[in-house]
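Colleague: Could you pick one spot in this model and take me through it closely? Once that's clear, work outward to the sheets, helices and cores, and keep it informal.

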Amino acid sequence: MYILGIHTGHDAGAALFKNQQLVAFCKEERLSRIKNHGGVFALAAIDEVLRIAGIERQQIDVLAMTRIKIPLSAYKRTSRPAKDFVDRLRDGSRLRNLYREMYRLRTLDESSVVDLPALRKALQLRPDTEIDFVNHHKAHILGSVMYTDWQTGLYLSFDGGGDHAFYSAYELKDGQLVCHQGEDEILLTEAQDPATSVALAYAYTTEICGFTPLRHEGKITGLAAFGKPLAADAIRDQYLIGDDGHIASRMQGYAELKAFLEQVFSGMRREDIAASIQTAAEEVTLAWIRSLRKRHPATRLGLSGGLFSNVRLNQRIVEMPEIEEIFVFPAMSDEGLPVGCAIDSLLRRHGGVAGLQRGRFTDLYYGYAYSGTDLMAAADSRFRRQPDGEPALTTARLLVEGLVGAVFAGGMEMGPRALGARSILASPTRREVNDSINKRLERTEFMPFAPYVLDQDAEEVFEIDDRNRYACRFMTTTTGVRAAYQSSIPAVVHVDGTARPQIVYRDDNPLYYDILAQFKQLSGVPCLVNTSFNAHEEPIINTPQEALQALADNRIDFLVCDRGLIFRS
């Protein structure tokens with residue numbers, strides 16, 4: 001059975017499952033080259049995941065999707081309210097958010113609104129292809145459920161909003177997944193107030209600081225370490241956490257939330273604004289989790305939704321007393337929704353969580369698996385190819401000399417982090433390398449670089465243990481850097497003494513692993529810089545041609561793959 005999951009809103013994309021196995025994933029931006037591309041129904045990502053799996057649209061058995069953008073032609077015209085709705089939009093947009101129309105008609109039955117045959121036709125699916133629609137926040141948390149092996153746990157989502165909710169809490173207990181907050185009925189009866197969303201407050205703060213909301217929140221997290229949280233208490237006081245874990249606010253609505261933030265930040269330095277919202281977001285989220293755990297005292301937390309892209313917040317959660325382990329779904333923002341949608345379809349067909357073939361991720365290389373031969377063959381006269389039987393050793397030597405390279409290995413990663421398939425590498429021994437790479441990539445100077453570390457060295461270099469080891473495989477949390485190593489790897493240690501490490505295992509990516517192993521042998525340094533292979537405001541590299549263009553543009557000094565190295569001529 002093939003299940004296609006899609007999301008057509010912000011950070012659109014597609015995922016494909018064969019039976020219960022995720023076999024392909026693609027975020028729309030990686031094909032369109034438009035950062036955070038969304039609001040698209042005719043997704044190129046659909047054809048890309050089918051290409052990866054080697055199948056056609058007629059082989060799709062189930063379509064699972066969020067209630068976001070679908071074409072006007074796929075709405076029913078038989079019922080009077082729906083007909084009025086269609087008539088009103090004839091001169092307007094050709095796409096419409098499904099959940100908004102469901103809210104207007106006060107229904108949770110998508111089939112009463114959507115013309116399913118017309119939707120199948122629009123997507124060129126078989127007439128008997130089943131279609132499932134999935135709640136936004138449930139789709140978020142199901143990724144964490146599927147890829148943990150816990151028998152009990154709390155699964156939480158928090159973001160800028162979806163299906164009229166901003167946060168949700170589910171509990172896995174005795175084989176049953178129970179929703180405590182953010183249930184589907186909230187779409188119709190008890191919509192959460194936008195002012196309760198600290199994630200939305202973080203997005204507004206990003207805009208106030210002059211950055212792009214829903215894109216540059218990571219800049220605020222990096223900048224926060226340089227400031228003082230002068231307004232944190234004032235922000236924190238706006239949020240009221242009930243004994244049942246529900247969040248209320250002294251404010252109401254989008255406009256009042258934004259106006260409050262503009263007022264409280266007036267006249268403040270950008271660094272202090274960042275520190276204030278970071279501290280407030282941490283304190284509100286921790287208070288929410290503490291309240292939930294009083295009623296549902298799980299010691300393992302699965303986290304998803306855009307708020308949990310905040311790696312410093314995730315470290316604070318790891319450090320909470322009695323927490324035994326956290327897992328952050330690696331595609332934590334809306335780009336991960338296609339995966340959750342497909343998993344919801346599996347839940348419906350396999351009798352709940354007990355019927356799922358759950359297990360932990362080992363890697364996230366779900367893009368099209370380009371080979372080293374593909375990269376070498378794409379190199380034209382602008383480049384010098386250097387076939388090499390020991391590319392890892394040659395690369396390590398160049399990195400010791402101070403050059404900056406990029407590894408191109410197989411399929412691109414799922415999620416926002418480069419994890420060794422599309423990574424820029426450099427020696428971490430000089431802090432100045434940050435400035436030179438940032439200049440070449442046109443990035444902000446205060447953004448810290450991340451390190452990667454071999455599995456056997458992880459705990460010696462970083463504050464890693466059973467609580468955060470799984471999360472550290474995918475760079476979804478910061479950790480402290482051991483004092484003995486802070487001075488030897490300054491390029492990857494932030495001003496607050498933390499880093500965002502990736503633990504690597506040889507079976508997952510031999511070339512990536514061996515480069516670091518050889519570098520360590522040559523230099524005695526157990527880490528390398530790993531930053532994503534893209535320039536500022538550009539999606540991460542996908543194809544050989546894009547990688548070669550980056551080399552031609554002097555973003556890097558060389559490319560490495562399993563067949564050798566490539567340099568500019």
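Modeller: Let's fix one term before anything else: a residue counts as buried if its relative accessible area is under 20%. Also bear in mind that this is a predicted model.

The spot I'd pick is Gly415, which sits in the loop between strand 16 and strand 17 (422-426). Is Gly415 buried or exposed? Its relative accessibility is 1%, so Gly415 counts as buried. What does Gly415 touch, once neighbours within four places in sequence are set aside? The contacts are Phe25, Arg30, Pro330, Ala331 and Glu335. Take Glu335 from that list: 80 residues separate it from Gly415 along the sequence, yet their C-alpha atoms are 7.2 Å apart in space.

From the loop we can step into the sheet. Strand 16 and strand 17 belong to an open sheet of 8 strands with mixed pairing, and the order is 15-24-23-16-17-22-18-21. Which strands stand at the edges? Those are strand 15 (383-387) and strand 21 (502-504); each has a single partner strand, so one side of each is left without a neighbour in the sheet. Ignoring direction, neighbouring strands here are turned by 30° against each other on average. At the strand 21 end, the pairing with strand 18 (residues 450-454) is parallel and runs over 3 bridges. Within that pair, Gln502 of strand 21 is found opposite Tyr452.

Helix 21 (residues 544-552) lies across part of this sheet, namely strand 15, strand 16 (405-408), strand 23 (558-561) and strand 24 (564-568), and runs at about 45° to strand 24. Thr543 is in the loop that links strand 22 (527-532) and helix 21. With 13% relative accessibility, Thr543 also counts as buried. Beyond its neighbours within four places in sequence, Thr543 contacts Tyr370 and Phe408. For a contrast in distance, Ile68 is 475 residues away from Thr543 along the chain, and 29 Å separates their C-alpha atoms.

What about the nonpolar cores? As background, nonpolar side chains tend to be buried together in soluble globular proteins. The largest nonpolar core here holds 62 residues, and the members that touch the most others are Phe462, Ile489, Ile515, Phe533, Leu559 and Ile566. Helix 20 (residues 510-523) supplies the largest share of this core, 6 residues. Ile566 makes a good example: apart from neighbours within four places in sequence, its contacts include Leu375, Met376, Ala379, Phe383, Leu548, Leu551, Phe558 and Leu559, along with Arg384 and Arg385. There is also a second, separate core of 53 residues, with Ala169, Ala199, Met268 and Val328 among them.

Val328 takes us to another sheet, because it is the bridge partner in strand 14 of Leu303. This one is an open sheet of 5 strands in the order 10-9-8-13-14, again with mixed pairing. Strand 10 (176-181) and strand 14 (325-328) are its edge strands, each pairing on one side only. From one strand to the next, the twist averages 20°. Strand 13 and strand 14 pair in parallel over 4 bridges. On the way to strand 8, strand 13 again runs parallel, with 4 bridges joining the two, and Gly302 in strand 13 is the bridge partner of Tyr155. Strand 13 is mostly covered, with 4 of its 5 residues buried. Strand 8 (residues 153-162) and strand 9 (residues 165-173), on the other hand, are antiparallel and share 7 bridges, with Gly162 opposite Ala165 of strand 9. Helix 12 (residues 311-318) lies across strand 13 (300-304) and strand 14, at about 160° to strand 14.

One helix pair rounds this off. The axes of helix 6 (residues 136-146) and helix 13 (residues 337-349) come within 7 Å and cross at roughly 80°. That makes the two helices roughly perpendicular. Helix 6 brings His136, Lys138, Ala139, His140, Leu142, Gly143 and Met146 to the contact, and helix 13 brings Leu337, Gly340, Cys341, Ile343, Asp344, Leu346 and Leu347. By type, the residues of this contact are 8 nonpolar, 4 polar and 2 charged.

How values were computed:
Residues are numbered from 1 along each chain as its sequence is written. This is a predicted model: local features need pLDDT of at least 70, side-chain atom pairs count only at pLDDT 80 or more; totals for chains, interfaces and linings use all residues. Side-chain values use heavy atoms; hydrogens and water are left out. Axes are lines fitted to C-alpha atoms, for helices over the stretch in contact, and angles run from 0 to 180 degrees between N-to-C directions. Angles under 35 degrees count as roughly parallel, over 145 as roughly antiparallel, 65 to 115 as roughly perpendicular and the rest as oblique. Contact means heavy atoms within 4.5 Å. Ala, Val, Leu, Ile, Met, Phe, Trp, Tyr, Cys and Pro count as nonpolar, Asp, Glu, Lys and Arg as charged, and the others, Gly among them, as polar. A nonpolar core is a set of buried Ala, Val, Leu, Ile, Met, Phe, Trp, Tyr and Cys residues joined through side-chain atoms within 4.5 Å. Buried means under 20% relative accessible area, exposed over 50%, partly exposed in between (1.4 Å probe, protein chains only). Two strands pair if DSSP finds at least two bridges between them.
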